[in-house]
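Me: I'd like a close look at one part of this model, please: the charged side chains and the strands they sit in. Take me through the salt bridges, then the surroundings of a charged residue that lacks one.

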Amino acid sequence: MRVVRVLSAALLTLGLAAAPAAADASPSPSQDGASAPTQAGTSFRTAAEIEQGQPATASGSTGDYLYWSFPADTGQRPTVKATVKLPESHAPQTWQIDVYDGLRRRQACQYGAQTRTAAADASSVELACVLRTVRAWSEPWANDPLPGTYYIRLTATGVATADLGLPVGSEVRVDSRDIGGSAAVDGSLAEPLVPGVATKPAEEREDAAVPAVLEPEDGWASGWWSDRWMWTAVGGILAALAGVGGYALTRGSGRPSRAPAA
């Protein structure tokens with residue numbers, strides 16, 4: 001029973017210590033709704049920057065390309081969702097959402113309705129794309145998602161000529177799940193992938209293009225904490241307790257009282 005009590009106390013201590021660090025690794029939704037962008041870019045260079053957990057809206061026309069960008073760090077699995085509000089009268093339309101990394105490589109969706117066709121009487125269409133977990137490091141020839149800026153592109157494909165230019169509304173949001181140590185790899189990038197390019201408002205800019213300023217709340221590669229640390233410590237404690245318990249069970253009660261002295 002003493003061994004069980006010691007083990008319970010050790011696990012509780014580790015759980016309390018790990019909880020704040022694990023919570024800090026997850027992105028927190030933006031609390032300032034007024035700062036959410038209400039316009040989208042029309043290219044990679046003019047993509048509107050959004051934070052994870054921050055909904056962004058934009059108005060456009062059927063046939064336009066709408067772009068947003070967001071930061072994603074090591075160990076995160078981003079989920080991109082988009083809702084398109086369609087005009088009252090339209091022909092069937094197919095809408096698609098694509099996600100690109102900082103090198104503008106198109107990233108495959110693990111699952112989600114990346115492409116959907118809206119019927120002629122549909123008022124809206126919803127899209128989703130769940131990316132693979134962002135890795136800290138990858139082979140140069142691989143197409144793995146790496147920490148850095150990611151781009152969202154929303155557009156309609158195969159639109160009837162009569163529908164081109166019709167007004168539409170859109171809303172996008174990015175949320176991430178922190179995968180933790182199960183996605184950890186032995187390596188890391190020196191810098192995040194091409195932080196991207198953003199455009200300042202006309203009244204503030206001297207040059208048209210400036211480096212993107214968005215980054216994770218605690219900075220890039222802030223997820224140094226991994227639950228591997230916790231499980232390694234738990235494994236060490238369990239091994240030590242197993243050794244102590246095994247010794248206590250096998251050593252017996254000592255020298256029998258009736259045994260003759262040597």
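Reply: Happy to. Across the whole predicted structure, the search turns up 6 salt bridges, each being a side-chain nitrogen of Lys or Arg within 4 Å of a carboxyl oxygen of Asp or Glu. One of them pairs Asp-98 with Arg-153, with 3.4 Å between the closest N and O atoms. Asp-98 belongs to strand β5 (residues 93–100) and Arg-153 to strand β10 (residues 148–157), so this pair ties together parts 55 residues apart in sequence. Strands here are DSSP runs of E with at least two residues, helices are runs of H or I with at least four, and both are numbered from the N terminus. Asp-98 and Arg-153 are both buried, meaning under 20% relative accessible area, where over 50% is exposed and anything in between is partly exposed (1.4 Å probe, protein chains only).

Two further bridges are worth a look. Asp-101 reaches Arg-105, the closest N and O atoms lying 2.7 Å apart, and Asp-101 is buried at a relative accessible area of 0%. Arg-173 bridges to Asp-175 at 2.9 Å between the closest N and O atoms; Arg-173 is partly exposed at 30% relative accessible area, and Asp-175 is partly exposed at 31%. Shared partners also link Asp-98, Arg-106 and Arg-153 into one salt-bridge network.

Now for the residue without such a partner. Arg-77 is buried but has no salt bridge, and the nearest side chain of opposite charge, that of Asp-178, is 9.7 Å away. (Lys and Arg count as positive, Asp and Glu as negative; His and the chain ends are not counted.) What the side chain of Arg-77 does have is a polar contact with the side chain of Thr-133, at 3.3 Å. That term covers N or O atoms within 3.5 Å; within protein, one must be able to donate a hydrogen and the other to accept it, and residues adjacent in sequence count only if both atoms are side-chain atoms. Leaving aside residues up to four places away in sequence, Arg-77 touches a set of residues including Gln-110, Leu-131, Thr-133, Asp-175 and Ile-179, contact meaning heavy atoms within 4.5 Å.

Arg-77 sits in strand β4 (residues 76–85), and β4 has partners. Strand β11 (residues 167–178) runs antiparallel to β4, joined by 10 bridges; in that pairing, Val-84 is matched with Ser-170 of β11. Strand β9 (residues 124–131) also pairs with β4 in the antiparallel sense, over 7 bridges, and there Ala-82 is matched with Leu-127 of β9. Strands are called paired if DSSP finds at least two bridges between them.

How far can you trust all this? The chain averages a pLDDT of 77, and 66% of the residues score at least 70; pLDDT is the predictor's confidence in each residue, from 0 to 100. Among the chain's elements, β9 has the highest mean pLDDT (96) and helix α1 (residues 2–24) the lowest (46). Over residues 14–34, pLDDT stays under 50. Where pLDDT is low, the predicted coordinates should not be read in detail.

Two notes on the numbers: residues are counted from 1 along each chain as its sequence is written, and side-chain values use heavy atoms, leaving out hydrogens and water. For this predicted model, local features need pLDDT of at least 70 and side-chain atom pairs count only at 80 or more, while totals for chains, interfaces and linings use all residues.
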